Amino acid sequence: MDFNFKKLASDASGFINRAVQFTEEKLGKAEKTELDAHFENLLQRADKTEEHTKRLLGSMEGYLQPNPTVRMEEFFYEKLELRKEGGRMNNLEYLGQAMTEAGNEFGAGTPYGGALLKVAHTEYKLGNAERDFINSCASNTLLPIRRFLEGDMRTIQRERKVLMNKRLDLDACKSRLRKAKSLESQTNAEADLRVAQAEFDKQAEITKLLLEGIQTAHNNQLKCLRDFVEAQMTFYAQSHQHMADLQRELSGALSADSGLSLYSGSSSVSSNSTDSNKNKTKTDSPDQ
């Protein structure tokens, strides 16, 4: 208990000293240890990476699932590691289902009913292709990006906060050394300063290594982007092929129906012409 009380008192004292140092810096009454230009550039790149990666992730999620309610539901199930019974039908499959029901109602043997069933079959294929595309993007693109934000990026921000506190502790020690009057207080302040400087330097090195790892994250996300483009290309190629096949089927059916109608019309005209000639022959015969 005594150790915990001392630690609590030390933490409270450190918090107060940081608050005082931070306030005096804002008021221009205290000096601030500045980081070198390279370190500042690394910090700025980390901030930009986090900002644009969040926007990129949100935009991809919105593209793959435009319905925000469904998106939140899927996120909820994913976080709780639950699995819903069955799978949710997508819009293409709902369309295919409606066309199938209509085609069966009108009759598969009718031109319109048969066409509806053909289109419905293609819509189901498109729905399956879309599901495969979304699953591929979720596994190969969204998941790695989300892991980076929730893992590496959070670690970087946490270590930056620690570095900020170490920097405030260091500057507070420098301020106490400048204000020290007696030899004993100067000695104690110098000892505290050496410890604070060592802790700050150590934390700065840790944070710098993490910040330099942003380049590796960019390389990993480049691979994710390539996987996304490849999945998208495959999806659109499959969709184009399915629609081209459907168009040929419908064109063939339409040509067959038109040919049948034309044949029936020609037969009717030929029959009428023959009957007319027969009647004309019968009418002219008695007069002769």
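Arginine 146 is a buried residue, with a relative accessible area of 12%; buried here means under 20% relative accessible area, exposed means over 50%, and partly exposed is whatever falls in between (1.4 Å probe, protein chains only). The side chain of arginine 146 meets that of glutamate 61 in a salt bridge, at 2.6 Å from N to O. To count as a salt bridge, a side-chain nitrogen of Lys or Arg has to sit within 4 Å of a carboxyl oxygen of Asp or Glu. This pair ties together distant parts of the chain, with glutamate 61 in helix α2 and arginine 146 in helix α5, 85 residues apart. The general idea is a simple one: side chains of opposite charge can pair when their charged atoms come close.

A word on the model itself: it is predicted, so local features need pLDDT of at least 70 and side-chain atom pairs count only at pLDDT 80 or more, while totals for chains, interfaces and linings use all residues. Residues are numbered from 1 along each chain as its sequence is written, and side-chain values use heavy atoms, with hydrogens and water left out.

As for the overall make-up, the protein has seven helices and zero strands, so the elements read α-α-α-α-α-α-α from the N terminus on. Helices (H or I, at least four residues) and strands (E, at least two) are DSSP runs, numbered from the N terminus. Of the 288 residues, 26% count as buried.

Next comes the packing of the helices. Two packed helices are described by the angle between their axes and the distance between the axes. The axes are lines fitted to C-alpha atoms, for helices over the stretch in contact, and the angles run from 0 to 180 degrees between N-to-C directions. Angles under 35 degrees count as roughly parallel, over 145 as roughly antiparallel, 65 to 115 as roughly perpendicular, and the rest as oblique. The two helices joined by the arginine 146 pair, α2 and α5, pack at an angle of about 150° with their axes 10 Å apart, and are therefore roughly antiparallel to each other. In this pairing α2 passes α5 in a left-handed crossing, a term for the near helix being turned anticlockwise from the far one by less than a right angle (clockwise would make it right-handed).

Helix α6 (residues 183-212) comes up against helix α5 (residues 111-179) too, their axes coming within 8 Å and crossing at roughly 160°. That makes α5 and α6 roughly antiparallel to each other, and their crossing is left-handed. Helix α2 (residues 37-64) and α6 have axes that come within 10 Å, but the crossing angle is roughly 50°, so α2 and α6 are oblique to each other. Here as well, α2 passes α6 in a left-handed crossing.

A salt bridge also links α5 and α6. The side chains of lysine 166 and glutamate 199 meet at 3.2 Å, N to O, and this pair again connects distant parts of the chain, with lysine 166 in helix α5 and glutamate 199 in helix α6, 33 residues apart. Lysine 166 is partly exposed, with a relative accessible area of 23%, and glutamate 199 is partly exposed at 37%. Glutamate 199 also has leucine 163 at 9.0 Å in space, C-alpha to C-alpha, although the two are 36 residues apart in sequence. Another spatial pair is leucine 177 with asparagine 188: eleven residues apart in sequence, 8.5 Å apart from C-alpha to C-alpha. Leucine 177 belongs to helix α5 and is partly exposed, with a relative accessible area of 25%.

The salt-bridge count comes to eight, and one of them has both partners in helix α7. Aspartate 245 pairs with arginine 248, the closest N and O atoms being 2.2 Å apart. Since they are three residues apart in helix α7, these two are separated by about one helical turn. Aspartate 245 is partly exposed, with a relative accessible area of 26%, whereas arginine 248 is exposed at 54%.

Helix α7 (residues 214-284) also holds valine 229, which is partly exposed with a relative accessible area of 45%. Together with Leu222 and Leu225, Val229 makes a nonpolar surface patch of about 240 Å². Patches are made of residues with over 30% relative accessible area and no salt bridge, with like charges joined within 9 Å and nonpolar side chains (Val, Leu, Ile, Met, Phe, Trp, Tyr) within 5 Å. The accessible areas come from the Shrake-Rupley method with a 1.4 Å probe, and for residues only the protein chains shown count as cover.
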